[in-house]
Amino acid sequence: MTKSDVATPRRVTSDWVAEFPGFDAWRPMHLLRRLGPVVQGICLDRSTSGDGYTPTVHVHALTREFPVISLALGQRLERTSGQPERILFSRHGGEFQDAARILTEQSRLPIGSPPSLEEIVKEYHSVSVARQESGLPPAVMEIEDSILISAAVERSDLVAEGLTLARELAIKWPKARLPLDWVSAEVWLDGLASKVRDSGSLSAIIDSQVIKHKLGKVREATADA
């Protein structure tokens, strides 16, 4: 195999954009599209050894001040064994199209056509419940994001559903596993309710996050609320 047979990050990114034309190349090895107060992404996560990558679908809420684009609701491309599938740069050309097809099939959220914001919110809820049932750390940020996304698009029904779920889960969360600044469930819920009512601040945060993360070049897809 010659050096020219090994795909570069630039080529890998370009090939994946061609497979998912609804996304834009935000940075090398990372595709994004914006859905109102959320971005949905395909991160081509490089392996520690640097010789390959694992495609990972994710979302990120723009409704909180955050220093990076997070991999919330992240799903890695998996083998039939359940282990993450790595694509070597040396085999990229012959494997990426199958990988894109399988990732589309495995993703709980649509990545061909844009998911609705309701689908995204419901997935946040499902993941939060699953984490509680499996004994993983409480999904505090996931619940918060689901509620604030709903508020940003003025879906009062989803806000109410999220607050109800937040109340139910907060009762079950062991305090030892909650954030260090956690005071009480009531203080947390009151704070969330206050943020929901302050639509001006929510809009300002979204706008500032778009600027901070240089999302101006990322197209905004059309998705139902």
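Is arginine 11 buried, partly exposed or exposed? I looked this up first and found arginine 11 partly exposed, with a relative accessible area of 35%, where buried means under 20%, exposed over 50% and partly exposed in between (1.4 Å probe, protein chains only).

I note that this is a predicted model, in which local features need pLDDT of at least 70 and side-chain atom pairs count only at pLDDT 80 or more, while totals for chains, interfaces and linings use all residues. Residues are numbered from 1 along each chain as its sequence is written, and side-chain values use heavy atoms, with hydrogens and water left out.

I then followed arginine 11 to its partner, aspartate 15, which it meets in a salt bridge at 3.4 Å, N to O; the term needs a side-chain nitrogen of Lys or Arg within 4 Å of a carboxyl oxygen of Asp or Glu. Aspartate 15 is buried at 18%, and the two residues sit four apart in helix α1 (residues 9-19), so about one helical turn separates them; helices (H or I, at least four residues) and strands (E, at least two) are DSSP runs, numbered from the N terminus.

I counted 15 salt bridges by this rule, and next checked the one between arginine 76 and aspartate 45, whose closest N and O atoms are 3.4 Å apart. Arginine 76 belongs to strand β5 (residues 72-76) and aspartate 45 to strand β3 (residues 38-46), so the pair ties together parts 31 residues apart in sequence.

I last turned to helix α4 (residues 140-152), where 11 of the 13 residues are buried, so the helix is largely enclosed by the rest of the structure.

Notes:
Expected span 1.5 Å × (residues − 1).
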